[in-house]
Every structure is written in structure tokens, then in C-alpha cells.
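User: I should like each descriptive term justified by setting the computed value against its definition. Please begin once the structure is displayed.

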Amino acid sequence: MNLSDRPASVCVVERGHNPSTDYYVRSRVEALGVPIVDEPQAGSLVVIVRYLDSGWKKRIEEKRDKLAGVAYFMDDDLFDIGAITTPSLPYAARMMWLAWRHKDWLKKMRVQLWVSTPYLAKKYRDWNPQLVEPAPLAGLLERRPVVRVFYHGTGLHRKEIQWLAPVIAKVQKRLDTTTFEVFGRGAVERLYRRIPRTTVLHPTSWDSFRDHCAGKTFHVGLAPLLPHAFNAGRGYTKFYDIVRCGAAGIYSNVEPFASFVRHERDGLLVDNDPAAWVEAIERLAADAALRQRIAEAARERALAG
């Protein structure tokens, strides 16, 4: 089945949101003007984007004769064992398991091959492939203003990093204008990986960290501090870190911040209640003038010594 044909519906098979779908496939199937369904129905066109698993193979096999067609899109050479073993072993193994091993099955199912480049079209010409030109989703390439929220804690702030995760998850669910940045490795990556618009950076040296902050635009800095013996002796470092980032800060309403930060002037003091932190982040995210006023006051105070 070709892209110019009109099925009753379209079912896109993909492993999560990905650039291949957004740059090549989604806008083209939307242009057909038919429902996009999660489960293939009689008369559906099934479009497999890059990767496949046994569950989907079974469902397609069961309904193949009732489908309008099945297409497989690839924008890398996923069927040449020599090509896919060039990358690192984990990525090569992923491509072999999710793509390469299904080649014979795809041909058996009379699947239409869609490819992204003339090179792939020529290489697999015996399959009579269809060349699919890029067609990014409307708005995908547009720039839009975002509010960059961050917590630059180290491994010493493990409890705070854990405590913040559900706070950030709720903020990111309720707002679509915020991004979040945090430092950490394995456990932190696993904790935050499912939170939208969140970046987990690997810890770095102080010199690299200073340059990182100087070269980016930040808006809201977080400095939660949970009560335990080690935190009782903390200093004001996070205040100056947030100033260096040019951001407005939100601080736990505990010492040392409670007697140092001037609430509503050079920062916001917030009790260690997750709901209160969600509210404070959303407040600063929505009020650019307030963010600027707090950030400027904090910088003036820091420079005054």
C-alpha cells in the first residue's frame, strides 16, 4: 500500500516517541485524514517504525488478511548485518533484536518497505521500496520559550534528589513550558528518566560546572534541604550557585536559608512540603517579572559581599 492510498484507519507501531516518526511518518499518516488507532482494525494501514517485537508480530499475523496494508519504515540500514554491527555492542544488539531478525518475516507478510534515502532505496530495490521524504510535524521545528528549572545537587544531596522527583513530575505534568536539569548517574537517571523534558547530566569538575552555568540561560533554581545531621552544618553555597546561573531561587525554609534568604526579595522560602514546592515552581514559571526581580536582587546582594 502506498502513502497516496486511503485506508480506513492507521495504526503506528513505535517504541515510544522518536524522531523517525516525528520527522518522516506522523505528518504523512495524519494527512490521510483517517483515524489513528492504537490497535489495528479491519481496513487499517499498519506502519511499523524501525522496531518490532513478538507481540506485534502475532497481532499483525492474526489480522493480516483484513488489513489495508502493512508498511515498515527505516531511516538507518537496519537489515545489513555488517552495517548494524559497526556501532557499539549494546546498540548493535538492540538493532539486531528489534529490526534485523524480522527481515524475513516482513517479506513473508508482504510488507511495503518505506525508506528515507535514495541510498537505501537503491540498496533494497528488490523489495520495491517507497522513498519517503522528510515531513516534520507542524510546529516541531518551531522555537518556543521555555522556563529552565534546575537542581544542581551532588551525591551528597541524594535525599534531596529523591525528594524532588515527584515534585518535578507533577510540575512537568501540569506545565508544558518548563524543562528540568539535575546531575547524577545510574540511580538518578532511573529515577528521572520517565519525567518529561528532564535532563540528567553526569557529575563534572568544578571548573566544567562553572563554565556550564555561565554558558546557559536558567530561570528557576531549586535548593531543597531536608533535616538531618549533615545538613545542619550547611552553608549558603546554593544561593551563590543560583545567582551565577542568573536564576530566581526557591529555598527550603530551614537553616541556613531561613535566616539568610530574604523571602520574596532575593528568593522564595518554602516549607518542605511537596505541594508547596510545586506551587512555588509554578508561580515563578508563570511570572517572568517576579523571576527577574528576585534574580536581580539576589545578584546585587551577592556582589555587595
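User: Where is Asp-77 found, and why is it called buried?

Analyst: Asp-77 is found in the loop between strand E3 (69-74) and helix H3 (81-84); helices (H or I, at least four residues) and strands (E, at least two) are DSSP runs, numbered from the N terminus. This is a predicted model, in which local features need pLDDT of at least 70 and side-chain atom pairs count only at pLDDT 80 or more, whereas totals for chains, interfaces and linings use all residues. Residues are numbered from 1 along each chain as its sequence is written, and side-chain values use heavy atoms, with hydrogens and water left out. Buried means under 20% relative accessible area, exposed over 50%, and partly exposed in between (1.4 Å probe, protein chains only). Asp-77 has a relative accessible area of 13% and is therefore buried.

User: What makes the approach of Asp-77 to Lys-123 a polar contact?

Analyst: A polar contact is a pair of N or O atoms within 3.5 Å; within protein, one must be able to donate a hydrogen and the other to accept it, and residues adjacent in sequence count only if both atoms are side-chain atoms. The side chains of Asp-77 and Lys-123 are joined at 2.5 Å, and those of Asp-77 and Tyr-124 at 2.4 Å. Both values therefore satisfy the distance limit.

User: Which residues does Asp-77 touch beyond four places in sequence?

Analyst: Contact means heavy atoms within 4.5 Å. With residues up to four places away in sequence not counted, Asp-77 touches Ala-83, Ile-84, Tyr-119, Leu-120, Lys-123 and Tyr-124.

User: How do you know that Arg-26 is buried?

Analyst: The relative accessible area of Arg-26 is 16%, so Arg-26 meets the criterion for buried. This residue is found in helix H1 (residues 19-30). Not counting residues up to four places away in sequence, Arg-26 touches Val-12, Glu-14, Thr-21, Ile-36 and Leu-137.

User: Which strands does H1 lie across, and what is the order of the sheet of five strands?

Analyst: H1 lies across E1, strand E2 (44-49) and E3, at about 170° to E2; axes are lines fitted to C-alpha atoms, for helices over the stretch in contact, and angles run from 0 to 180 degrees between N-to-C directions. The open sheet has the order E1-E2-E3-E4-E5 and parallel pairing.

User: Why are E1 and E5 said to stand at the edges?

Analyst: Strand E1 (9-13) and strand E5 (130-131) each have a single partner strand, so one side of each is left without a neighbour in the sheet. Two strands pair if DSSP finds at least two bridges between them. Strand E4 (residues 112-115) and E5 have two bridges and therefore meet this minimum. E1 and E2 pair in the parallel sense over five bridges, and Val-12 stands opposite Val-47 in E2.

User: Why is E2 described as largely enclosed?

Analyst: Six of the six residues of E2 are buried, so the rest of the structure largely encloses this strand. Ser-44, Val-46 and Ile-48 point one way, and Leu-45, Val-47 and Val-49 the other way. In a regular strand, side chains alternate between the two faces of the sheet.

User: What makes E6 largely enclosed, and how many bridges pair it with E7?

Analyst: Four of the five residues of E6 are buried, so E6 is largely enclosed by the rest of the structure. E6 and E7 pair in the parallel sense over five bridges, with Phe-150 opposite Glu-181 in E7.

User: What is the order of the sheet of six strands, and which are its edge strands?

Analyst: The strands follow the order E8-E7-E6-E9-E10-E11 in an open sheet with parallel pairing. Its edge strands, strand E8 (198-201) and strand E11 (268-270), each pair on one side only. From one strand to the next, the twist averages 20°. H7 packs on this sheet, touching strand E6 (147-151), strand E7 (178-183), E8 and E9.

User: Why does Gln-172 count as buried?

Analyst: Gln-172 has 4% relative accessibility and therefore counts as buried. Gln-172 lies in helix H7 (residues 158-174), and its side chain reaches the backbone oxygen of Pro-196 at 3.0 Å.
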